[in-house]
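Got the viewer open and a coffee within reach? Follow along below, and make each selection as it comes up.

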Amino acid sequence: MAEMKQTTEAVVLDVHKKIKAAFEVFDQESNNTVDVRELSTIMYSLGCFPTQADLHDLIAEVEEDHAGYIHLDKFLPVMSKVLLEHKFPPIPEDILLQAFEVLDKGKKGYLEPEELTKYMTQEGDPFTQEEMEEMLTAFADKEKNLIYYEDIIGQLTIDPEM
């Protein structure tokens, strides 16, 4: 039983480490806070894909007095619970790859930023322009300004064994 407890603690520590790393990317002033508008991108980077309604509920739970920012101390336990309970499960890699391949009509192995922006802002649960810019900053190849989707799928999914 002690071995099981240690494994659980290791999993929790690993989850905390992932959350902190994702949070720090957007903590521009290194003061353990991020703009509330960054929450969706942080969650996507952790392999969680909540609906807009779920996202608004989560923001209500973690936002500091409607001040427009989120503090790591409040975000960490809530996001840990979300990850450990697999609340907004990631899309399996093979399904995600198929989705990109459908969008890649020319079978080039990449999408141009304009193509991805069109799909992500006009279809389904649309991204805002700001979310789109953040996504392109994170995923577009810096030299060629293309999105090589096979290279980023691992960043968009989480190991189900976590």
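Let's start with the aromatic rings: a search of the whole structure, which is a predicted model, turns up five aromatic pairs. Select Tyr44 and Phe49 and show their side chains. These two rings make a stacked pair, with 5.8 Å from centre to centre and 15 degrees between the planes. Now put a surface on. Is Tyr44 buried or exposed? Tyr44 counts as buried because its relative accessibility is 12%, under the 20% cut-off. Its partner Phe49 has a relative accessible area of 30%, so Phe49 is partly exposed.

Keep Tyr44 selected and add Phe127. Here the ring centres are 5.2 Å apart and the planes meet at 20 degrees, so this pair is stacked too; the angle for that label has to be under 30 degrees. Where do the two residues sit along the chain? Tyr44 belongs to helix α2 (residues 39-45), while Phe127 is in the loop between α6 (113-122) and α7 (129-139). That puts the partners 83 residues apart, and the pair links distant parts of the chain. Both Tyr44 and Phe127 are buried. Show Tyr44, Phe49 and Phe127 together and you have one aromatic cluster.

Next stop: Ile19. Select helix α1 (residues 2-26) and you'll find Ile19 in it. How accessible is Ile19? Its relative accessibility is 0%, so Ile19 counts as buried. To see what surrounds Ile19, leave out its neighbours within four places in sequence and pick the residues in contact with it: Leu46, Phe75, Leu76, Met79, Ser80 and Leu83. While you're here, draw a distance from Ile19 to Arg37. The two are 18 residues apart in sequence, and the C-alpha to C-alpha distance is 16 Å.

Now jump to Gly68, in the loop between α3 (52-62) and β2 (69-71). Gly68 comes out at 23% relative accessibility, so Gly68 is counted as partly exposed; that class starts where buried, under 20%, stops. Which residues touch Gly68, once its neighbours within four places in sequence are set aside? Select Val34, Asp35, Val36 and Glu63 to see them. For another distance, try Gly68 to Gln52: 16 residues apart in sequence, 17 Å apart in space between the C-alpha atoms.

Time to zoom out and switch to cartoon. The protein has eight helices and two strands. Colour by sequence and walk along the chain, and the pattern reads α-β-α-α-β-α-α-α-α-α. The C-alpha atoms fill a box of roughly 55 × 40 × 30 Å along the principal axes. How does the radius of gyration fit a compact globule? For 162 residues, such a globule would have a value near 15 Å, and the 17 Å of the protein agrees with that.

Turn the surface back on for the last look. About 10000 Å² is exposed, and carbon and sulfur atoms supply 54% of that area. Of the 162 residues, 38% count as buried. If you colour by charge, there are 14 positive and 35 negative side chains to find, and the centres of the two sets lie 2 Å apart. Finally, consider contacts between residues at least 6 apart in sequence: 62% of them join residues at least 24 apart.

Methods
Residues are numbered from 1 along each chain as its sequence is written. This is a predicted model: local features need pLDDT of at least 70, side-chain atom pairs count only at pLDDT 80 or more; totals for chains, interfaces and linings use all residues. Side-chain values use heavy atoms; hydrogens and water are left out. Rings of Phe, Tyr and Trp (its six-membered ring) pair if their centres lie within 6.5 Å; planes under 30 degrees apart count as stacked, over 60 as edge-to-face and the rest as tilted. Buried means under 20% relative accessible area, exposed over 50%, partly exposed in between (1.4 Å probe, protein chains only). Helices (H or I, at least four residues) and strands (E, at least two) are DSSP runs, numbered from the N terminus. The radius of gyration is taken over C-alpha atoms; the globule rule is 2.2 Å times the number of residues to the power 0.38. Contact means heavy atoms within 4.5 Å. Accessible areas come from the Shrake-Rupley method with a 1.4 Å probe; for residues, only the protein chains shown count as cover. Lys and Arg count as positive and Asp and Glu as negative; His and the chain ends are not counted. The place of a charge is taken as NZ of Lys, CZ of Arg, CG of Asp or CD of Glu.
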